[in-house]
Amino acid sequence: MSNDNKTPSEAWGIGTKLIHAGAEPDPSTGAIMTPIFQTSTYVQAAPGKHKGFEYARSQNPTRKALEEALAIIENGKFGLAFSSGVAATDAVIKLLQSGDEVIAANDMYGGTYRLFTKVFERFGIRFHYVDMHNADNIKNYINSNTKLIWTETPTNPLMNIVDLAAVAAIAKQHKILLAVDNTFASPYLQTPLDLGADIVMHSVTKYLGGHSDVIQGCLVMNDAGLREKLYFIQKSCGAVPGPMDCFLVLRGIKTLHVRMQRHCENGAKIAHWLRQHPKVSKVYWPGFEDHPNHTIAKKQMRDFGGMLSFALKDDSVENAMRVLSSTKLFSLAESLGGVESLINHPASMTHASIPREERMKNGLTDSLMRLSVGIEDADDLIEDLKQAIG
Ligand SMILES: *Cc1c(COP(=O)(O)O)cnc(C)c1O
């Protein structure tokens, strides 16, 4: 291997992949970091005679480097970057046509649910929302129109785990595409393509970007035909990220493994601390041995991540508000996966559009709070929760 031409090796560990994937020195200068190609078009030597780049909605070198990196770290062949996570999801649904049916998880990210119900149902696509806790539940909804299964694990905010290998086996048997939203786990913890998924989707905004400074999404896949279709949608619909954002994500992913290790360590410490707190009624975290799908989490994930939720014994909105307004290190905000710790209140924030009765039925109680545990010192984070819970 020559010094200036790194060929990614499948044998590399995740840390080496994260740092070297897609990172070729710039051929014109040797710059070790991929430049931000802030351009809309490319000069052609003669009509149709160009260097593979025609117009920046279709191709951009910074985006190309990132897409290669995303493919490698998800153990896939092809990556496509989008202007947001929902734009990436939108592209997948545009593979379908009126009359097609989708089986989706019943506790998905709210924005995905909104896109499906409020936008795509109007175009004649039918969605079934299924509890995928037990993969066999999916079978009841499969018919000849079923074209796609959409799932997410761990889920938001109750940290349910879906058995991806089991869902993939059902999808394969019935020749249905399986797309997995891998945002919560990140490729450090879980690589769904290895478990049989056809498409991995990320809100890159979260752990991949990692620094709360970019909105971006991506898709990763192995099948060249599927890549062609999705690339066609990407350039035809135009939800592409700008080169500056691609650069920031290229930078972010270099430290994903180091950040995730600390997210996991801190998450475990806080989950255990909260669980013994006298005012806490329940902690949702897949690392507990009595979590309903702990064995599956252990099988398909490298570790348990920094996302967790907890509810209070005095289960009232007022009591949650008291805690939410008292934390000093945990900032009250939507989103997740950044280096700084965040706290939110699903009942009044991310899941406010769900009627209370339905929300309560699904375990989204009034005092439930979700933490995105950052990479600060765990002791300081625990101290902050201690004074806030009181
Ligand atoms: C944030 C998020 C999305 C949507 O991504 P955006 O980048 O906000 O468009 C999708 N799925 C999950 C699990 C998310 O957390």
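**Local packing and backbone features of the predicted model**

Leaving aside neighbours within four places in sequence, Thr 155 is in contact with Asp 107, Asn 160 and Phe 184. The model described here is a predicted one. Within this model, Thr 155 belongs to the loop that runs between strand 4 and helix 5, and the residue is buried, with a relative accessible area of 1%. Thr 155 is separated from Ile 125 by 30 residues in sequence, and the C-alpha atoms of the two residues lie 23 Å apart in space.

The loop that holds Thr 155 also contains two cis peptide bonds, which may be described in turn. Thr 153 and Pro 154 are joined by a cis peptide bond with an omega of about -10 degrees, and Pro 154 is placed in the loop between strand 4 (146-152) and helix 5 (164-173). The peptide bond from Asn 156 to Pro 157 is likewise cis, its omega being near 0 degrees, and Pro 157 is located in the loop between strand 4 and helix 5. As a general matter, most peptide bonds are trans, and most residues other than glycine have a negative phi.

Positive phi values were also found at two serines. Ser 212, although not a glycine, has a positive phi of about 55 degrees; this serine is situated in the loop between strand 6 (199-203) and strand 7 (217-221), where it is partly exposed, with a relative accessible area of 48%. Ser 335, again not a glycine, has a positive phi of about 80 degrees and is found in the loop between strand 10 (331-332) and strand 11 (342-344). At a relative accessibility of 31%, Ser 335 counts as partly exposed.

Aromatic contacts were examined next. A search of the whole structure yields eight aromatic pairs. In one of these, the ring centres of Phe 116 and Phe 127 are 4.5 Å apart and the ring planes are at 15 degrees, so the pair is classed as stacked. Phe 116 lies in helix 4 (residues 110-119), whereas Phe 127 lies in strand 3 (residues 126-130), so the pair ties together parts that are eleven residues apart in sequence. Both partners are covered: Phe 116 counts as buried at 0% relative accessibility, and Phe 127 is buried with a relative accessible area of 7%. A further aromatic pair, formed by Phe 120 and Phe 123, is tilted, with 6.3 Å from centre to centre and 50 degrees between the planes; of these two residues, Phe 120 is buried, with a relative accessible area of 7%. Phe 116 and Phe 127 are also members of one aromatic cluster, together with Tyr 113, Tyr 129 and Trp 150.

Turning to the helices, helix 2 (residues 61-73) and helix 8 (residues 243-253) pack at an angle of about 35 degrees, their axes lying 9 Å apart, and the crossing of the two is left-handed. On the side of helix 2, the contact is made by Thr 62, Arg 63, Ala 65, Leu 66, Ala 69 and Ile 73, while helix 8 contributes Pro 243, Cys 246, Phe 247, Val 249, Leu 250 and Ile 253. The residues of this contact divide into ten nonpolar, one polar and one charged. Helix 3 (residues 85-93), for its part, is mostly covered, with eight of its nine residues buried; the buried residues are Gly 85, Ala 87, Ala 88, Thr 89, Asp 90, Ala 91, Val 92 and Ile 93.

Cys 246, one of the residues of helix 8 in the contact with helix 2, was also considered for disulfide formation. With cysteine sulfur atoms required to lie within 2.5 Å, the count comes to zero disulfides. Cys 218 is in no disulfide, and the nearest cysteine sulfur, that of Cys 246, is 11 Å away. From the side of Cys 246, the closest cysteine sulfur is that of Cys 218, and the separation of 11 Å is too far for a bond. Cys 218 is buried, with a relative accessible area of 0%, and Cys 246 is buried as well, with a relative accessible area of 0%.

Conventions: Residues numbered from 1 in each chain as written. Predicted model: local features only at pLDDT ≥ 70, side-chain atom pairs only at ≥ 80, totals over all residues. Heavy atoms only, no water. Axes fitted to C-alpha atoms, helices over the stretch in contact; angles between N-to-C directions. Helix = DSSP H or I, 4+ residues; strand = E, 2+ residues; numbered from the N terminus. Left-handed = near helix turned anticlockwise from the far one by under 90°. Contact = heavy atoms within 4.5 Å. Nonpolar A, V, L, I, M, F, W, Y, C, P; charged D, E, K, R; others polar. Buried < 20%, exposed > 50% of the residue type's maximum accessible area, 1.4 Å probe, protein only. Phe/Tyr/Trp six-rings, centres within 6.5 Å; stacked < 30°, edge-to-face > 60°.
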